[in-house]
Amino acid sequence: MQTRCPLICFLVLAVGLIGSCTTVPSGDYQGYMTRPYKIRGKRYVPMSVDQALYFTQIGTASYYDESWFWGLSSGTTAIGESVHPWHLQAAHPYLPLPCEARVTSLSNGKSVRVRINDRGPFTKNRIIDLSPAAAEELDFKHHGLEKVRVEVLSVGDGKWKRKSPIFQ
């Protein structure tokens with residue numbers, strides 16, 4: 001019996017690690033999340049899908065990582081998807097969830113496509129929080145903040161997906 005315990009523990013750990021190593025978020029959220037919400041006593045009202053399809057914003061981006069144990073244990077986004085540091089994900093306080101956006105660094109011209117599936121940032125003067133992988137793509141992870149342009153490419157998934165008529 002004692003010789004089986006390490007084997008069972010190893011198998012449980014291996015299954016957990018393999019399950020957490022997916023590189024693509026689950027996707028196909030049923031509809032759009034546009035309901036108002038409260039954080040720290042402040043009420044946020046997300047924009048409509050139609051407004052979001054024409055949305056562009058310039059401001060400061062930061063990055064966040066809700067995973068722990070070297071990314072093997074994940075946090076959860078506002079729409080229930082796993083957060084891992086290697087996903088190209090982002091958080092925005094007002095866009096409908098989920099949506100896809102192009103984020104471009106204004107200092108070096110690099111851009112990355114991200115899936116916006118979470119809420120935040122809730123810090124003054126920040127417009128978007130990016131995953132560590134997205135911050136790395138824009139080459140600002142080492143200094144934490146970057147001036148960026150955010151352009152919405154599409155809103156929704158699957159049969160609900162609507163593409164922006166201007167940013168394709």
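The following legends accompany an overview and several close-up views of a predicted protein model.

**Figure 1. Overview of the predicted model and its order of secondary structure elements.** The protein contains three helices and eleven strands. Along the sequence, these elements follow the pattern α-β-β-α-β-β-β-β-β-β-β-α-β-β. Of the 168 residues in the protein, 44% are buried. The exposed surface of the protein comes to about 9,400 Å², of which carbon and sulfur atoms supply 56%. Among contacts in the protein with a separation of 6 or more, 71% are accounted for by residues 24 or more positions apart.

**Figure 2. Salt bridge between Asp50 and Arg162.** A search of the whole structure finds seven salt bridges, and the pair formed by Asp50 and Arg162 is one of them. The closest N and O atoms of Asp50 and Arg162 are 2.6 Å apart. Asp50 belongs to helix 2 (residues 49-52) and Arg162 to strand 11 (residues 162-163), so the pair ties together parts that are 112 residues apart in sequence. Asp50 has a relative accessible area of 46% and is partly exposed. Arg162 is also partly exposed, with a relative accessible area of 35%.

**Figure 3. Salt bridge between the side chains of Arg115 and Glu81.** The N to O distance in this salt bridge is 2.6 Å. Distant parts of the chain are linked by the pair, whose members are 34 residues apart: Arg115 lies in strand 8 (residues 111-118), and Glu81 lies in the loop between strand 4 (75-76) and strand 5 (82-83). Both Arg115 and Glu81 are buried.

**Figure 4. Salt bridge between Arg102 and Glu151, with a separate network at Arg115.** The closest N and O atoms of Arg102 and Glu151 are 2.9 Å apart. Arg102 in strand 7 (residues 99-105) and Glu151 in strand 10 (residues 145-155) are 49 residues apart, and the pair links distant parts of the chain. Glu81, Arg115 and Asp157 are joined into one network by salt bridges that share partners. Of the two residues in the pair, Arg102 counts as partly exposed at 23% relative accessibility, whereas Glu151 is buried, with a relative accessible area of 9%.

**Figure 5. Strand 8 and its pairing with strand 6.** Six of the eight residues of strand 8 are buried, so this strand is largely enclosed by the rest of the structure. Strand 6 (residues 89-91) and strand 8 run parallel and are joined by three bridges. Within this pairing, Ala91 stands opposite Asp118 in strand 8. In a regular strand the side chains alternate between the two faces of the sheet.

**Figure 6. Hairpin formed by strand 7 and strand 8.** Strand 7 and strand 8 run antiparallel, with six bridges joining them. Val103 stands opposite Val112 in strand 8. Five residues lie between strand 7 and strand 8 in the hairpin. In the turn, Gly109 has a positive phi of about 80°.

Conventions
Residues numbered from 1 in each chain as written. Predicted model: local features only at pLDDT ≥ 70, side-chain atom pairs only at ≥ 80, totals over all residues. Heavy atoms only, no water. Helix = DSSP H or I, 4+ residues; strand = E, 2+ residues; numbered from the N terminus. Buried < 20%, exposed > 50% of the residue type's maximum accessible area, 1.4 Å probe, protein only. Contact = heavy atoms within 4.5 Å. Areas by Shrake-Rupley, 256 points an atom, 1.4 Å probe, with all protein chains shown as cover. Salt bridge = Lys/Arg side-chain N within 4 Å of Asp/Glu carboxyl O. Pairing = 2+ DSSP bridges.
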